[in-house]
Amino acid sequence: MSRPGRSCPLSYRYAGAVLARPPELEVDTLWVAGGLYGNPFALEALLERYDAERGSKALVFNGDFHWFDLDDFTQIDGLVSRFQAMRGNVETELAAPAAGAGCGCGYPDWVDEGTVERSNRIIERLRAAAERSPDALGRLRALPMHLVAAVGGERVAVVHGDAESLAGWGFSQEMLATAAGRRAARAAFSSAKARVFASSHSCLPVLQEFDDGRAIANNGSAGMPNFRGTTYGLATRISVTPSPDALYSARAGELYVEALPLEYDSRAWQARFLAQWPAGSDAFRSYYGRLVNGPVYRIEEALRSAPALAA
């Protein structure tokens, strides 16, 4: 039975082996930003940081760059389209909505039903705004669900959800806290022949090291705070050289895998958000507390060292 917001169309699914293909791009530094959620101030901060990066580089938006942008949809889409982009569940359900998918989030059981219902209503409001930009919807419809890059010769698989689904939660901090989740991740590395997975979707960051020199980097959200008491977003940077500004980092073979803070104007963003989603609206009820105070999650929880092979 279809459960809008919790179940997803079969079109979201793919075999992990599809990620074993030759890379679409080759660089020394790869930036990955998921979960921008229509925050123009975070996008400005991201592009400023990325522009300062030297050498061979690429920036990938790995989905959900739209969400709160009822009034800024065209602006956000135009800027993102200048770079490599993939569609997340938000873009997919805007451009080619599937019956019964709702927001396409694939929410697991630990997410409360109120959040699911509000997300289904948010996508309906955003869809009405997006329909005023038919050219943008055409571009979104054509975006891929995943991308493979070679960074310093190492394979990096960029997904929105996980190694099997556009809206999969296998690379969430909750699943990677379990032995079963880490076993599934090891199998995914083997199928994709990847050194690093970069994802987002599940909205909280995690950088999980594995004892065979591999890593999963989930940046959580580029456009919202990711930790209690903070007001910045996060992007993932994967490079042959380290950044002096990394919030936390891990090594994966010869690569540096890092979480980079995106210090945007949080007061301006809160005001912009409220102009589009006032008190009492669905997005306000689900997200405004996080925009102001951050989620109940600590930086120390995000960086996870390699577990024993049995774990």
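The radius of gyration used here is taken over C-alpha atoms, and the rule for a globule is 2.2 Å times the number of residues to the power 0.38. With that in hand, we can start on this structure, which is a predicted model.

**The whole chain**

For 311 residues, the rule puts a compact globule near 19 Å, and the protein chain has 18 Å, which agrees. Along its principal axes, the C-alpha trace spans about 45 × 45 × 35 Å. If you follow the backbone, you will meet ten helices and 13 strands.

How much of the chain is buried? Of the 311 residues, 59% count as buried. The accessible surface comes to about 12,100 Å², and carbon and sulfur atoms account for 52% of that surface. Contacts tell us about the fold too: among those between residues at least 6 apart in sequence, 73% join residues at least 24 apart. As for charge, the chain has 32 positive and 36 negative charges, and their mean positions are 3 Å apart.

**Neighbours in strand β6**

Now let us zoom in on strand β6, which covers residues 154-159 and includes A157. V156 is in strand β6 as well. Leaving out residues up to four places away in sequence, V156 touches L30, L147, V148, A149, V151, V196, I238 and L255. With the same kind of residues left out, A157 touches L19, L147, A194, V196, F197 and A198.

Distance along the chain and distance in space are separate things. V156 and F189 are 33 residues apart in sequence, and their C-alpha atoms are 10.0 Å apart in space. A157 and C8 are 149 residues apart along the chain, with 22 Å between their C-alpha atoms.

**T29 and its polar contact**

Strand β2, residues 29-33, is where you will find T29. Which side chain makes a polar contact with the side chain of T29? It is that of S239, and the contact is 2.7 Å. Residues touched by T29 include E53, K57, V151 and I238.

**Buried or exposed?**

Here are five residues to look up in the structure. A residue counts as buried under 20% relative accessible area and as exposed over 50%.

| Residue | Relative accessible area | Class |
|---|---|---|
| V156 | 0% | buried |
| A157 | 1% | buried |
| T29 | 3% | buried |
| C203 | 13% | buried |
| K193 | 56% | exposed |

**A helix and its packing**

Helix α9 runs over residues 282-293, and its buried residues are D282, A283, Y287, Y288, R290 and L291. An α-helix has 3.6 residues a turn, so residues three or four places apart point the same way. What do the buried residues of α9 pack against? Their partners are α4 (113-130) and α8 (266-276). Just after α9 comes G294, which takes a positive phi of about 80°.

**Unusual backbone angles**

Most residues other than glycine have a negative phi. K193 has a positive one, near 55°, and this residue sits in the loop between α7 (179-192) and β7 (196-199). C203 also has a positive phi, near 80°, and is placed in the loop between β7 and β8 (206-210). Try finding both loops in the structure: K193 is exposed, whereas C203 is buried.

Key:
Residues are numbered from 1 along each chain as its sequence is written. This is a predicted model: local features need pLDDT of at least 70, side-chain atom pairs count only at pLDDT 80 or more; totals for chains, interfaces and linings use all residues. Side-chain values use heavy atoms; hydrogens and water are left out. Helices (H or I, at least four residues) and strands (E, at least two) are DSSP runs, numbered from the N terminus. Buried means under 20% relative accessible area, exposed over 50%, partly exposed in between (1.4 Å probe, protein chains only). Contact means heavy atoms within 4.5 Å. Accessible areas come from the Shrake-Rupley method with a 1.4 Å probe; for residues, only the protein chains shown count as cover. Lys and Arg count as positive and Asp and Glu as negative; His and the chain ends are not counted. The place of a charge is taken as NZ of Lys, CZ of Arg, CG of Asp or CD of Glu. A polar contact is a pair of N or O atoms within 3.5 Å; within protein, one must be able to donate a hydrogen and the other to accept it, and residues adjacent in sequence count only if both atoms are side-chain atoms.
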